[in-house]
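Biologist: I have a structure open on my screen and would like to learn how to read it. Could you walk me through it, one feature at a time?

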Amino acid sequence: DMSDTQVAFSDLELPSSVLKSITELGYETPSPIQAACIPLLLNGQDVLGMAQTGTGKTAAFALPLLSRIDLKNNKPQVLVLAPTRELAVQVAEAFQAYARHIPGFHVLPIYGGQSYSLQLKQLRRGPHVVVGTPGRVMDHLDRGTLKLDELKAMVLDEADEMLRMGFIDDVETIMAKTPAERQTALFSATMPEQIRRITKRYMREPQEVKIASKTATMENIEQKCWIVSGTNKLDALVRILETEDFGGIIIFARTKTATTELAEKLEARGYAAAALNGDMNQQLRERTVQRLKNSQLDILVATDVAARGLDVERVGLVVNYDIPYDTEAYVHRIGRTGRAGRDGKAIMFVAPRERRLLKQIERATRQPIKQMDLPSRDLVQNRRLESFREQISTIFKNEDMSVYRELVDQLAVDTELETLDLASALLFMAQKEKPLILPPEPEPRPRRERDDRDGDNGGKRERINYADLDVYRLDVGRNDGVQVKNIVGAIANEADINSRHIGDIRLHDEYSTVQLPKGMPDDMLKHLKDVQICRKKTNITLMEGEVARPPSRKPRGEYKGKGRARGGNDRGAPRKPRRD
C-alpha cells in the first residue's frame, strides 16, 4: 500500500521539463492513482485503471506519455479517446499545461461541432498528441486525414461513459486500426462485460490499478446551486455577497480574462476583491493570497490552476461562478473552504444547459446539491439599511460633528429647506452607490410545460423571447424530405446551441426558415452553411427585415397565400409523405 510512504513527483523519473511545469502549477505530491500509474506507463506497460473522475487520472496518463514523445517526429504518437467534447478539451488543455516547458510540442483536440477545415489545417501541422471523441476520430480515419501508423500509446478515458453513450463499437474499430505493439491505458469507474472484452482483446498483460474515490472530505461543506434564470449572474452574486456574512471568499471562473473582469466589477461595487490567475507570476500570486490571509482582501476571483493548493483558514465560501467541466476540479475548488475543521459553504451557478454537468458532479461526489433561491429583495434591502445605520452610529461615536452641524444649518438657510428635507436629500446622495430602496421584484413569468427533448429531466421550458431572435433561411425544404427535428438536431449539434434557444421552424417546399438567437458569430454561420441536412447544404442566410414571431394559433383557413406550410398543422410540421 503506497499511502503510508509519501512519494514525491521528483521520485517518479519524469523529465525535468515536465517536473518544472507541474511544480509551477502547484502540484506537490502525486495522488494515489498518479503514484501508481506513472511508473508503469513510463515503463511502457499497459494499465487498467479503476478510478472515479476526481482522482487525478488525467495527470496519471498525461505526464508519463508526454515524457515518452519524440518531438522530431511530427506524427500523432498518442491518441486519447474521451466521451464528451468537454472532457476532450480539458485533457488537451492539461497536456498543453504540462508541456509548457517543452518547446515545439503540439496537442490537438478534435470533436464534433468544430469546423472540419480548421481541424484539417491543424492535423496537417502534425500534432504529437490527438485527443478526441470517438465519432470525430472515426470520421478523420475514414477520410484518411488522421494517420495512426506511428502511434505509440492510446488512452481510453472514462470507458464506461463511452459505452453508456453508445460509442463502444467505434472505440473498437479505432483500436483495431492502431499498431499492434502500441501501449494502452484504459480508465473506467466500473468494468462492464464489454469493456472487459476490450481489455482482453486489445491490451497486453494490463497492470490493474484500483483507487477508491474519497468523498469524506466534504462533509463539513454545505453545497448549494442556483439555476441561472432571470437575474444575471453578477447581480445574483452581489445579492448573495450582501446578505451572507463570510470571512474570505473564493470565486471560481473558467478563464483568466473572466477573473480579471469579475474582480474589477466587484471592486467597482465596493468589495475588496482581486483576481488570481496563471498570468500572474508566482510572487504576485503569493502576495495576493497573503493579502487574503491578512484580511486586506475579502474576495479572490481565481482560475483552477491558480488556486491549486491554496489554503486560507478564513475562507468560508466558495462560489463556482462558472460550473467546472470536470468533477475533479469541483472537488478541488470547494475543498478551499471548510479548512481546519471549520464549516464551509459552496454555491454553484448552473445555466440550464449545464445541468448535465451538475448531475455528473452529484454522481461523482455522491452528494445531492440542493437548489437554492436567491436572497429576496427585502432581505438585501434590510441588510443595506442595517449596515447604513451602523455606519451612522460609528461616525457619531468617533468623529467630531460640530463643524458639520454648522454647515447643515448654513445649507438649510441657503436652500430654504426644512432640516428633514435637507437630510432626505443628503441621504439620497449618500446611498447612490448602494441604493437603500430597491426596485420591486419582477413577477415570475408563467411557464408552460414542455416536452422533455433535451434530456433535462423535467426542467420546464422557459418562454422564448422572440425579440431576441433573428430569422434565417435554409436551402432545404419539404421536397428534400426534411423534418423539423432534422433541423433542430443539426443546428443544436453543429452550433452547440441548446435546442430550447431555437425558435420556431417553418417548412416550405423549397426552403425552410429557422429562428436563432441574435448575434450568431460569423464563423459559426460560415460553418453552418456547409452543414448538410438530408444530404443538402443548408447554405444558411439571414433574412433581413424579417421579424421573429411566435407560431400563430389561428384556425387553418386563414393562411391562404401567406406562404405558410400548406396542409400542415399550424406549427409548420411536415405532412406525412405520400405513398406513391
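Modeller: Happily; we will go from the overall make-up to sheets, single residues and a cavity. Please keep in mind that this is a predicted model.

Biologist: Let's start broadly. How many helices and strands does the protein have?

Modeller: The secondary structure comes to 20 helices and 20 strands. Of the 580 residues, 48% count as buried. Another overall figure looks at contacts between residues at least 6 apart in sequence: 73% of these join residues at least 24 apart.

Biologist: How do I read a sheet? In what order do the strands of the sheet with β1 stand?

Modeller: Read a sheet from one edge to the other, and note how neighbours pair. Here seven strands form an open sheet in the order β3-β4-β2-β5-β6-β1-β7, and the pairing is parallel. At the edges stand β3 (107-110) and β7 (207-210), each with a single partner strand, so one side of each has no neighbour in the sheet. From one strand to the next, the twist averages 15°.

Biologist: And which strands pair with β6?

Modeller: Strand β5 (residues 153-156) pairs with β6 (residues 183-188) in the parallel sense over four bridges. Strand β1 (residues 47-50) also pairs with β6 in the parallel sense, over four bridges. To find the register, look for residues that face each other. Ala 153 stands opposite Gln 183 in β6, and Met 154 has Thr 184 as its bridge partner. From β1, Val 47 has Ala 185 as its bridge partner.

Biologist: Is β6 enclosed or open to the outside?

Modeller: To judge that, ask how many of a strand's residues are buried. In β6, six of the six residues are buried, so the strand is largely enclosed by the rest of the structure. Both faces are covered: Gln 183, Ala 185 and Phe 187 are buried on one side, and Thr 184, Leu 186 and Ser 188 on the other.

Biologist: What about helices against this sheet? Which strands does α4 lie across?

Modeller: With a helix, note the strands that meet it and the angle between directions. Helix α4 (residues 85-98) lies across β2 (78-81), β3 and β4 (129-132), and runs at about 155° to β4.

Biologist: Now the sheet that contains β8. What is its strand order?

Modeller: Read in the same way, this open sheet has seven strands in the order β10-β11-β9-β12-β13-β8-β14, with parallel pairing. Its edge strands are β10 (273-276) and β14 (370-371), each pairing on one side only. Strand β12 (residues 315-320) and strand β13 (residues 344-350) pair in the parallel sense over four bridges, and Val 319 stands opposite Ile 347 in β13. Helix α10 packs on the sheet, touching β8 (221-227), β9 (248-252), β11 (299-302), β12 and β13, and its direction makes about 160° with that of β13. Helix α15 (residues 355-365) packs on the sheet too, touching β8, β13 and β14, at about 150° to the direction of β13.

Biologist: How do I read a single residue, say Glu 242? Is Glu 242 buried or exposed?

Modeller: Look at its accessibility, then its neighbours. Glu 242 lies in helix α10 (residues 233-243). Its relative accessibility is 12%, under the 20% cut-off, so Glu 242 counts as buried. Leaving out residues up to four places away in sequence, Glu 242 touches Tyr 271, Val 380, Arg 383, Arg 384 and Lys 434. Glu 242 and Arg 383 are 141 residues apart along the chain, yet their C-alpha atoms are separated by 7.2 Å.

Biologist: My backbone plot flags Glu 13 and Glu 158. What is phi for each?

Modeller: Check the sign of phi, then the setting. Phi is near 60° for Glu 13 and near 55° for Glu 158; each value is positive in a residue other than glycine. Glu 13 sits in the segment before α1 (16-24) and, at 70% relative accessibility, counts as exposed. Glu 158 sits in the loop between β5 and α7 (159-164) and, at 10%, counts as buried.

Biologist: Last one: how many cavities of 30 Å³ or more does a search find?

Modeller: A search of the whole structure finds one. The largest cavity has a volume of about 40 Å³. For a cavity, read the lining next: here it is Leu 474, Ala 490, Ile 491, Leu 528, Val 531, Ile 533, Thr 538 and Ile 540. By class, that lining has seven nonpolar, one polar and no charged residues.

Conventions:
Residues numbered from 1 in each chain as written. Predicted model: local features only at pLDDT ≥ 70, side-chain atom pairs only at ≥ 80, totals over all residues. Heavy atoms only, no water. 1 Å grid on protein atoms, 1.4 Å probe; cavity = no way out; pocket = protein on both sides within 12 Å on 5 of 7 lines; lining within 4 Å. Points joined across faces, edges and corners; volume = space filled by probe spheres on them. Nonpolar A, V, L, I, M, F, W, Y, C, P; charged D, E, K, R; others polar. Pairing = 2+ DSSP bridges. Helix = DSSP H or I, 4+ residues; strand = E, 2+ residues; numbered from the N terminus. Axes fitted to C-alpha atoms, helices over the stretch in contact; angles between N-to-C directions. Contact = heavy atoms within 4.5 Å. Buried < 20%, exposed > 50% of the residue type's maximum accessible area, 1.4 Å probe, protein only.
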